[in-house]
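Student: I'd like to go through this one with you, a bit at a time. Can we start with the basics?

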Amino acid sequence: MSGLDPLSAGVGLEDAGDIEGDTMLAPKPLRADVWRRFRKNRLALVGLCFIIFLILVAIFAPLIAPYGFAERTPGAFREPPSTTHWFGTDTIGLDVFSRVVYGARISLRVGIIATAIAVVIGLVLGAVAGYFGGKTDGLIMRVTDVFLSIPYIILAIAIASVFGKSVNSVIIVLGFTGWLGLCRIVRASFLSLNRLEYVEAARSLGFSNTRIIFRHMLPNALQPVIVYATISVGSIILAEAALSFLGVGPTPPTPAWGLMVAEAKSTLAVAPHMLFFPGMAIFLTVLAFVFIGDGLRDALDPKLK
Amino acid sequence: MFAYVIRRLLLVIPTIFFALSFLFLLFFALPGDPATLLAGGADRTPDAGVVERARERYGLDDSLPQQFVDYWGRTIQWDLGESFRSGRSVNDLLGEKAVNSLRLAIWAILIEIIFGISIGVWSAVRRYSLSDKLTTIGTAAASAIPVFVLGFVLQYLFAVVPNKQGWPEWTHLRTQGLGPDTWTFFFIPTGEQWRYLILPAFTLACVSTALAARMMRGSMLEVMRADFLRTARSKGLNERQVITRHGLRNAMLPVITLIGIDFGTVIGAAVLTETVFSWPGLGSAIADAVGERDLPVLLGLTLAVTIAFAVVNLLVDLSYAWFDPRIRLGKDET
């Protein structure tokens with residue numbers, strides 16, 4: 001956030017110059033430049049590779065997994081990892097490796113779709129609040145205050161318990177509760193952008209509010225949003241796992257990682273592998289998104305750090 | 001200052017009112033019979049008798065506005081109703097659970113402050129060294145571990161393994177429940193109590209400690225570039241004094257903010273930690289209440305937690321002015 005001011009000030013001057021240009025792209029740091037700085041951050045690169053790997057695993061899950069996610073192996077209960085069951089089997093004879101592989105689909109789907117919903121809501125409401133100010137701003141900010149005053153997890157489990165137990169309802173719950181922080185960030189950017197000359201110029205040219213907000217201001221407010229959204233995918237995956245663990249997420253035999261951890265808790269002493277592998281999958285995925293988010297922040301704004 | 005506190009408190013009241021009303025209406029305004037929802041949930045067919053009892057107890061035959069007015073009429077007098085499942089007064093339940101949560105929270109916050117700040121400072125002083133890099137990775141990792149997975153891993157390492165390997169008795173930690181519930185000065189465990197406390201406390205503290213350490217490192221690096229630190233060095237103070245007396249004090253401010261902002265995360269972590277360790281606190285009670293659709297318990301405990309949340313945020317704002325006299329509250333609001 002603190003890096004925003006010098007950035008937007010510079011952008012404002014350049015933008016005012018080619019205001020009548022037809023396709024106006026915000027002059028952000030060149031993409032190649034950002035990529036070059038991002039590439040230098042080894043942890044971020046490792047995180048990116050892991051996520052690409054995970055996406056491939058999710059796409060090709062039926063080819064990778066030796067068993068179906070609900071396919072029982074008769075007689076193989078809570079078996080430790082072996083060559084036939086790489087991650088062992090669970091209490092009812094399901095192959096843990098196959099379930100972890102299929103679980104990538106659920107986690108990524110929830111993380112990405114819910115983040116997309118949250119980003120759209122947060123962007124629109126934050127932009128509207130920051131751009132129009134006054135009563136509109138007051139109303140939107142009071143609404144965010146109300147929702148922020150309920151501790152996030154309580155809000156999420158309360159809504160989830162009403163919406164029923166499925167992957168889709170978890171997506172809706174996390175999407176519609178995840179926009180609050182983003183809304184504040186976007187609003188703050190718009191408040192500072194509002195004072196710049198190029199916005200003034202766009203207004204005096206008689207452009208519609210929609211056009212000014214989305215074509216002129218939004219591209220300049222996107223940087224913190226990109227970083228926030230990246231980290232948010234990770235934290236939404238974490239929240240999904242927590243909801244599944246608490247029993248308000250998808251129901252068995254859905255191969256959600258959080259649910260697998262919950263199923264393993266009563267047999268921790270005899271079958272720790274049932275808990276270790278899905279737990280590790282959640283941990284590595286979230287960590288990868290944290291690394292990518294950190295790397296993006298440093299690459300987009302080299303002044304910080 | 002005084003006017004500012006009053007204004008902030010007045011703003012908290014409508015916020016909490018709308019938040020609680022939202023949760024209340026969430027259960028009632030949605031399609032489906034609320035009695036069925038309360039008694040068993042949308043996805044199950046509950047026992048007819050349970051549905052009937054739910055309807056009677058909540059006066060669900062009344063109109064929704066009437067129920068809403070009744071709910072707030074009771075809540076304003078701090079009558080939080082009775083648990084739908086056990087019939088216990090929610091006020092009693094709240095008192096009992098809050099004490100347990102508070103004890104756990106005190107230890108988690110102590111761990112967060114002591115470890116978070118010292119790891120952060122240690123890392124900042126050795127910037128770019130190998131140990132700094134490892135600590136940075138370590139704190140990132142600690143902030144990405146799901147609380148409940150960490151809880152179970154610690155249970156395995158410190159309770160299951162010592163048992164299996166036959167290690168001496170003093171290494172065995174307990175993983176379930178509150179324990180003998182013996183304390184001195186409210187929060188210091190006595191006797192066997194520490195065995196029950198230590199794992200949940202560290203589990204609860206882990207994420208916020210990592211975040212505090214990261215924040216402390218960044219803040220310390222900022223301060224170490226400041227002119228007054230160079231002045232302190234040039235007047236001949238040794239490095240330790242420079243760091244602790246001059247650097248640390250100035251670098252603490254953002255971290256204190258974080259501890260406040262982070263309180264929501266701590267509550268989330270508490271729900272999971274208390275569930276994992278069967279610690280009978282507010283968090284596990286709220287999780288249970290949601291699972292059982294025990295609306296009075298859910299709303300009552302949430303109300304208490306939300307008020308605590310608001311008070312902590314207010315205290316954090318006030319502490320800025322106390323720690324940094326340059327900040328004047330209430331003059332410049334965004």
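Student: What percentage of the residues in chain A are buried?

Tutor: Buried residues make up 49% of the 305 residues in chain A. Here buried is defined as 20 or more other C-beta atoms within 10 Å of the residue's own, exposed as 12 or fewer, and partly exposed as in between, with C-beta atoms placed from the backbone. Before going on: this is a predicted model, in which local features need pLDDT of at least 70, side-chain atom pairs count only at pLDDT 80 or more, and totals for chains, interfaces and linings use all residues. Residues are numbered from 1 along each chain as its sequence is written, and chains are lettered from A and ligands numbered from 1 in the order in which they are written.

Student: And chain B, what share is buried there?

Tutor: In chain B, buried residues account for 36% of 334 residues.

Student: How many helices and strands in each chain?

Tutor: Chain A has 13 helices and zero strands, while chain B has 13 helices and two strands. Both kinds of element are DSSP runs, numbered from the N terminus: helices are H or I with at least four residues, strands are E with at least two.

Student: What about contact range in chain A?

Tutor: Of the contacts in chain A between residues at least 6 apart in sequence, 72% join residues at least 24 apart. A contact means that the C-beta atoms, placed from the backbone, lie within 7 Å. With the same sequence limits, the value in chain B is 66%.

Student: What is the mean pLDDT of chain A?

Tutor: It is 82, and 89% of the residues of chain A reach 70 or more. pLDDT is the predictor's confidence in each residue, from 0 to 100.

Student: Which element of chain A has the lowest mean, and which the highest?

Tutor: Helix α1 (residues 4-17) of chain A has the lowest, 38, and helix α3 (residues 42-59) of chain A has the highest, 93. Over residues 1-23 of chain A, pLDDT stays under 50, and the model has 29 contacts beyond four places in sequence for them. Where pLDDT is low, the predicted coordinates should not be read in detail.

Student: Helix packing next. At what angle do α5 and α8 of chain A pack?

Tutor: Helix α5 (residues 96-132) of chain A and helix α8 (residues 167-177) of chain A pack at about 35°, with axes 8 Å apart. The axes are lines fitted to C-alpha atoms, for helices over the stretch in contact, and angles run from 0 to 180 degrees between N-to-C directions. α5(A) passes α8(A) in a right-handed crossing, that is, with the near helix turned clockwise from the far one by less than a right angle (anticlockwise would be left-handed).

Student: Which residues meet there?

Tutor: From α5(A), I106(A), V110(A), I113(A), A114(A), I117(A) and A118(A); from α8(A), V167(A), V170(A), I171(A), L174(A), G175(A) and F176(A). By class, that contact has eleven nonpolar, one polar and no charged residues. Nonpolar covers Ala, Val, Leu, Ile, Met, Phe, Trp, Tyr, Cys and Pro; charged covers Asp, Glu, Lys and Arg; the others, Gly among them, are polar.

Student: How many residues does the largest nonpolar core have?

Tutor: It has 168 residues, and those with the most contacts inside it are A156(A), I157(A), A242(A), I286(B) and L301(B). A nonpolar core is a set of buried Ala, Val, Leu, Ile, Met, Phe, Trp, Tyr and Cys residues joined through C-beta atoms within 7 Å. α11(A) gives the most to this core, 18 residues.

Student: What does A156(A) touch?

Tutor: Leaving out residues up to four places away in sequence, A156(A) touches V173(A), L174(A), T177(A), A239(A) and L243(A).

Student: Now the contact between the chains. How many residues from each?

Tutor: 41 residues from chain B and 37 residues from chain A. On the side of chain B that touches chain A, α1(B) gives the largest share, eight residues. That side has 30 nonpolar, nine polar and two charged residues.

Student: Any odd backbone spots? Which peptide bond is cis?

Tutor: The bond from P252(A) to P253(A) is cis, with omega near 5°. P253(A) is in the loop between α11 (209-246) and α12 (257-264) of chain A.

Student: And W78(B), what is its phi?

Tutor: Phi of W78(B) is near 60°, a positive value in a residue other than glycine. W78(B) sits in the loop between α4 (64-76) and α5 (90-125) of chain B.

Student: Is W78(B) buried or exposed?

Tutor: W78(B) counts as exposed because it has 10 C-beta neighbours inside 10 Å.

Notes
Two residues are in contact if their C-beta atoms, placed from the backbone, lie within 7 Å.
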